[in-house]
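Me: I am new to this structure and would like a close look at a single part of it. Could you take me through one charged pair, and then show me how it fits with the rest?

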Amino acid sequence: MAESSPRTTYVLVDGENIDATLGTSILSRRPQPEERPRWDRLLQFAEEEWSHPVRGLFFLAANSDLPMPFVQALLAMGYRPIPLSGGPHEKVVDLAIQRTMVALREREADVMLVSHDGDFLPQLEQLVDGKRQVGVVAFEEFANAGFLRLEERGLEFFDLEYDVRAFRSPLPRVRIIPIDEFDPADFL
């Protein structure tokens, strides 16, 4: 893709999925505010990585309560918050992201999905068409294994901590470390 392309990169954030993975699988507790991702860094990363203007869409389940301080913070960072409601057993965030991905097939746009969730594989599969850049941003060790086969077709993967650098301090993650990245000082 040419760097001068007027394409837009849509960053679709499944914040609940990222928060749940961070809390359950990495920290083993609810994350404190200072331990959560710096969402502004994600938009900056996407713009720098693919050299296109970025539109951040942040999907939230807000059945009866709109978290106004968080919504205002998202707006200040340049995101478009999308608060959703639905029935007790509806995965409203997943449904909205899936519908958005389907709608993006009709646009000349690139897509970065921020989630570990395999529920998005059918829509991602259709977006990885050789006509656009498509990426997933997540914690590599917790990403759905179905993303791997899409990488062979051109899906790019970005680690939220190591590539995006979305955290203020290192997370207590256990992952396979390529020897070229191993620094003994990290463990001493």
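Reply: Let's start with K91, whose relative accessible area is 48%. Since exposed would require over 50% and buried under 20%, K91 falls in between and counts as partly exposed. Keep in mind as you look that this is a predicted model.

The partner of K91 is D94, and the two form a salt bridge in which the closest N and O atoms are 3.4 Å apart. What is the relative accessible area of D94, and is D94 buried or exposed? The value is 8%, and because buried means under 20%, D94 counts as buried. So this salt bridge joins a partly exposed lysine, K91, to a buried aspartate, D94.

Now for some other pairs to set beside that one. By the rule used here, the count comes to 12 salt bridges. One of them is formed by R38 and D40, with the closest N and O atoms 3.4 Å apart. Here R38 has 23% relative accessibility and counts as partly exposed, while D40, at 29%, is also partly exposed.

Another salt bridge is formed by D159 and R173, where the closest N and O atoms are 2.6 Å apart. This pair links distant parts of the chain: D159 sits in strand 6 (residues 156–159), and R173 lies in the segment after strand 6, 14 residues apart. Both D159 and R173 are buried. They also belong to a network of salt bridges that links E141, D159, E161 and R173.

Stepping back to charge in general, the chain carries 20 positive and 32 negative side chains. The centres of these two sets lie 5 Å apart.

One more acidic residue is worth a visit. D129 is found in the loop between helix 5 (121–127) and strand 5 (134–138). With a relative accessible area of 30%, D129 is partly exposed. Its C-alpha atom is separated by 9.4 Å from that of R105, and these two residues are 24 residues apart along the chain.

For a contrast in chemistry, turn to L57 in strand 2 (residues 54–61). At 11% relative accessibility, L57 counts as buried. Which residues does L57 touch, leaving out those up to four places away in sequence? They are Y10, V11, L12, V13, Y79, R80, I82 and T100. V164 is 107 residues from L57 in sequence, and the two are 17 Å apart in space, C-alpha to C-alpha.

Finally, here is the setting for all these residues. The chain has 6 helices and 6 strands, and read along the sequence they follow the pattern β-α-α-β-α-β-α-β-α-β-α-β. Of the 188 residues, 46% count as buried, and D94 is one of the buried residues. Among contacts with a separation of 6 or more, 60% come from residues 24 or more positions apart. The chain exposes about 10500 Å², and carbon and sulfur atoms supply 50% of that area.

As for overall dimensions, the C-alpha trace spans about 50 × 45 × 30 Å along its principal axes. A compact globule with 188 residues would have a radius of gyration near 16 Å, and the chain has 17 Å, so the two agree.

Terms used:
Residues are numbered from 1 along each chain as its sequence is written. This is a predicted model: local features need pLDDT of at least 70, side-chain atom pairs count only at pLDDT 80 or more; totals for chains, interfaces and linings use all residues. Side-chain values use heavy atoms; hydrogens and water are left out. Helices (H or I, at least four residues) and strands (E, at least two) are DSSP runs, numbered from the N terminus. The radius of gyration is taken over C-alpha atoms; the globule rule is 2.2 Å times the number of residues to the power 0.38. Buried means under 20% relative accessible area, exposed over 50%, partly exposed in between (1.4 Å probe, protein chains only). Contact means heavy atoms within 4.5 Å. Accessible areas come from the Shrake-Rupley method with a 1.4 Å probe; for residues, only the protein chains shown count as cover. Lys and Arg count as positive and Asp and Glu as negative; His and the chain ends are not counted. The place of a charge is taken as NZ of Lys, CZ of Arg, CG of Asp or CD of Glu. A salt bridge is a side-chain nitrogen of Lys or Arg within 4 Å of a carboxyl oxygen of Asp or Glu.
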